[in-house]
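This report describes a metal site, a ligand site and the strands around them. Please consult the sequence and the structure shown below while reading.

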Amino acid sequence: MAAVLSSKIQTRPLSPNIGAEILGVDLTKTVDAVTAAAIRDAWYANNIVLFRNQNISEEDQVRFARLFGELGQVINKHAGVSKQHPGVMFISNIKENGELIGALPDGEMMFHSDQCYSEVPSAASMLYAMEIPSKGGDTLFANMYKAYEAVPADIKAKIEGRKALNVYDYANVPTQRGTTSNDAPRFAHPVVRTHPATGRKALYINRLMTEYILDMDRAESDAILAQLFDIAENPAWVYEHNWKVGDILMWDNRCTLHARSDFDASERRLMRRSVVLGEKPV
Ligand code: OGA
Ligand code: MN
């Protein structure tokens, strides 16, 4: 077999504490093993990676996703799930014949980690920007390694080895914390998880989906979680991504949270989303 030649990728930081842009990769082409390994390393080191000016098909996006593992599944029932790939769906406010063509149509969305309410949450999620509003509709990303490091020692001791219940009532108010019905999917996961590839500890709670810490007085749990949510969302380790058409951005749900800023509901927004299967958090 002929040797595969590969140029090393170039990266550029997106912000001081999270994110890198990767340059010189065309995702319409098959990525060779050396480049794939370099992209994975950049992703592990920076929590999120961005590629700009991509003009990719759904097949290209799926091939890219598979560099990071098996394609995941969409858990909640909503419009816009791809018939070809059950791990691909659309996030959009666009209506065709009176029907939404995607999920999470409008407005601001609280910080969260995708699928943390299920036993085996997705490792990675990615969005490919196809249509974007003239302003707003940014996606914000927070570095949960940094957040964990910033937790005061007394709180660290209290959450050590603890689990918290994550619940997501997609049918209710999917973008904001709300009352959850009994049949909303839920799962208890460690408050602090260890990333399987980097070995680093990350805070694994979020304002949208985390209800309470198990085996703890509810008032104490509420107080600790309120403090942890604020630490998680500290602007010092948040990057706000202002989308351009052709951007594809992949985040690691095991060491980041993400949120969305508000935008004008009369403007169109269309993102193609895919997820990569993860592992049970430990
Ligand atoms: C998601 C998500 C935010 C956005 O797709 O999981 O949270 O900016 N999207 O649309
Ligand atoms: Mn999300």
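In this predicted model, strands E7 and E17 are joined by 2 bridges and run antiparallel. Within this pairing, Met109 stands opposite Arg260 in E17. Both strands belong to an open sheet of 4 strands, ordered E7-E17-E9-E15 with antiparallel pairing. E7 and strand E15 (238-241) each have a single partner strand and stand at the edges, so one side of each is left without a neighbour in the sheet. From one strand to the next, the twist averages 15°.

Which residues coordinate the manganese ion (ligand 2)? The donors are His112 (NE2), Asp114 (OD) and His258 (NE2), at 2.1 to 2.2 Å. Their spacing in sequence is H-x1-D-x143-H. Distant parts of the chain are thereby linked: Asp114 lies in the loop between strand E7 (109-112) and strand E8 (122-131), whereas His258 lies in strand E17 (residues 256-260), 144 residues apart. Asp114 and His258 are both buried.

The three metal donors also appear among the residues around ligand 1, a list that includes His112, Asp114 and His258 as well as Met109 and Arg260. The table gives polar contacts of ligand 1.

| Residue (side-chain N or O atom) | Partner | Distance |
|---|---|---|
| His112 | oxygen atom of ligand 1 | 3.1 Å |
| His258 | oxygen atom of ligand 1 | 3.0 Å |
| Arg273 | oxygen atom of ligand 1 | 2.7 Å |

On its own, ligand 1 has 290 Å² of accessible area, of which the protein covers 99%.

Notes. Residues numbered from 1 in each chain as written. Chains lettered and ligands numbered in written order. Predicted model: local features only at pLDDT ≥ 70, side-chain atom pairs only at ≥ 80, totals over all residues. Heavy atoms only, no water. Donors = N, O, S within 2.8 Å, 3.2 Å for Na, K, Ca; no water. Buried < 20%, exposed > 50% of the residue type's maximum accessible area, 1.4 Å probe, protein only. Pairing = 2+ DSSP bridges. Axes fitted to C-alpha atoms, helices over the stretch in contact; angles between N-to-C directions. Near = heavy atom within 4 Å. Polar contact = N/O pair within 3.5 Å; in protein donor to acceptor, adjacent residues only side chain to side chain. Areas by Shrake-Rupley, 256 points an atom, 1.4 Å probe, with all protein chains shown as cover.
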